[in-house]
Amino acid sequence: MGGLLAMAALLAWIDSTVLRSLFPHPLPVRRVPFRPEPRPVLPFEPGFRGLVFARFGPVGGLYTFWWFLSVGAGAILLALAVLIAAPARARRATERMARAGLSSIVVAGVAALLLALAATVLMWTSFVLAWGVAFVWGLTALGTLFGLSCLALAFGRWLRVRLGPAPPLAAAAVALLAFFDVGLVPVLGWIILGLLSVGALGLAVLTRLGSAAGWSLEELDG
């Protein structure tokens, strides 16, 4: 885990400094005012814009070193919270993943994503139902988060078989950290992370968030 943490910090630094120009900037970049007199660079300096660490950029800011680490840490903690809050559902979804097949999971994820996009366009153009856009994408994000947690649980089981016994939650945390490291790899990592997200959404859809009954039209018959 220590190696994964070090790799995450290194990739976050590369993305926030060397490769920062590859990321889109939807907001205007505020330039630092010109200072004619030289001044020494301190390890950190307080100010109204927050702490600014030398060579690492401000603590608050888009695509900074601290932004990458905080987003990754938040996503990992949320995924672990899903496993803690719904362990039975996560276990059932993980067990059904092998039976469903990778192709079915990806197809279901693509279909769910296209359906969410179509619903967004219809709601946004109708104006009356524009409030439902946030609801649709909230459900999509929840399904993706649940699916990523289940994928991490499955990958953690695979690691436990090959590396030795370990608590399931710790193995899932290692898997989530590996996902985060892969996502920080420029271009290729973004593609892999996108495919993981689509597969996670498909897994959540196919297993109905790990419900015991699964999908069945017989439930419509009351």
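Leu 69 comes out as partly exposed, with a relative accessibility of 25%. This residue sits in helix α2, and the model it belongs to is a predicted one. The chain has 222 residues, of which 32% are buried, and its fold is built from 7 helices and 3 strands. Here's a quick tour, starting with Leu 69 and then moving out to the pocket, the helix packing and a couple of odd backbone angles.

**Leu 69 and its surroundings**

- Leave out residues up to four places away in sequence, and Leu 69 touches Ala 8, Ala 9, Ala 12 and Phe 180.
- Phe 180 is a long way off along the chain, 111 residues from Leu 69, yet the two C-alpha atoms are separated by just 9.5 Å.
- Why does Leu 69 count as partly exposed? Its 25% relative accessibility falls between the 20% limit for buried and the 50% limit for exposed.

**Overall layout**

- Going along the sequence, the elements run α-β-β-β-α-α-α-α-α-α.
- Take the contacts in the chain with a separation of 6 or more: 69% of them join residues 24 or more positions apart.

**Asp 15, in the first helix**

- Asp 15 belongs to helix α1, which covers residues 2-16.
- Is Asp 15 buried or exposed? Asp 15 is buried, at a relative accessible area of 1%, and that is because buried means under 20%.
- Setting aside neighbours within four places in sequence, the contacts of Asp 15 are Arg 20, Phe 23, Phe 68, Leu 184 and Pro 186.

**The second largest pocket**

- The second largest pocket holds about 510 Å³ of space.
- Its lining has 21 residues, and those closest to the centre are Val 71, Gly 72, Ala 75, Phe 180 and Leu 193.
- Phe 180 also turns up among the contacts of Leu 69.
- Which helices each give the lining at least two residues? They are α2 (65-85), α5 (132-163), α6 (168-184) and α7.
- Helix α2 provides the largest share of that lining, with 7 residues.
- By type, the lining splits into 16 nonpolar residues, 4 polar and 1 charged.

**How α7 packs against α6**

- A pair of packed helices is described by the angle between the axes and the distance between them.
- The axes of α6 and α7 come within 6 Å of each other, crossing at roughly 135 degrees.
- That angle makes α6 oblique to α7, because it falls outside the ranges for roughly parallel, roughly antiparallel and roughly perpendicular.
- On the α6 side, the contact is made by Phe 179, Val 182 and Gly 183.
- On the α7 side, Gly 189, Trp 190, Ile 192, Leu 193 and Leu 196 take part.
- Leu 193 is also one of the residues closest to the centre of the second largest pocket.
- The contact of α6 with α7 has 6 nonpolar residues, 2 polar and no charged.

**How α7 packs against α4**

- Helix α4 (residues 102-126) meets α7 at an angle of about 95 degrees, and their axes are 7 Å apart.
- The two helices are therefore roughly perpendicular to each other, a label that covers 65 to 115 degrees.
- From α4, the residues involved are Ser 104, Ile 105, Val 106, Ala 108, Gly 109, Val 110, Ala 112 and Leu 113.
- Their partners in α7 are Val 198, Gly 199, Leu 201, Gly 202, Leu 203, Val 205 and Leu 206.
- No charged residue takes part in the contact of α4 with α7, which divides into 11 nonpolar and 4 polar.
- Ser 197 is in α7 as well, a helix spanning residues 188-206, and is partly exposed at 23% relative accessibility.
- Measuring C-alpha to C-alpha, Ser 197 is 9.5 Å from Val 106, although their positions lie 91 residues apart in sequence.

**Positive phi on either side of α7**

- Val 187 is in the loop between α6 and α7.
- Its phi is positive, about 60 degrees, although Val 187 is not a glycine.
- Val 187 is partly exposed, at a relative accessible area of 47%.
- Leu 209 lies in the segment after α7.
- Leu 209, also not a glycine, has a positive phi near 55 degrees.
- Leu 209 is partly exposed too, with a relative accessible area of 32%.

Key: Residues are numbered from 1 along each chain as its sequence is written. This is a predicted model: local features need pLDDT of at least 70, side-chain atom pairs count only at pLDDT 80 or more; totals for chains, interfaces and linings use all residues. Side-chain values use heavy atoms; hydrogens and water are left out. Helices (H or I, at least four residues) and strands (E, at least two) are DSSP runs, numbered from the N terminus. Buried means under 20% relative accessible area, exposed over 50%, partly exposed in between (1.4 Å probe, protein chains only). Contact means heavy atoms within 4.5 Å. On a 1 Å grid over the protein atoms alone, a cavity is a set of points where a 1.4 Å probe fits but cannot get out, and a pocket is an open set with protein on both sides within 12 Å along at least five of seven lines; lining residues have an atom within 4 Å of a point. Grid points are joined across faces, edges and corners, and a volume is the space filled by probe spheres set on the points. Ala, Val, Leu, Ile, Met, Phe, Trp, Tyr, Cys and Pro count as nonpolar, Asp, Glu, Lys and Arg as charged, and the others, Gly among them, as polar. Axes are lines fitted to C-alpha atoms, for helices over the stretch in contact, and angles run from 0 to 180 degrees between N-to-C directions. Angles under 35 degrees count as roughly parallel, over 145 as roughly antiparallel, 65 to 115 as roughly perpendicular and the rest as oblique.
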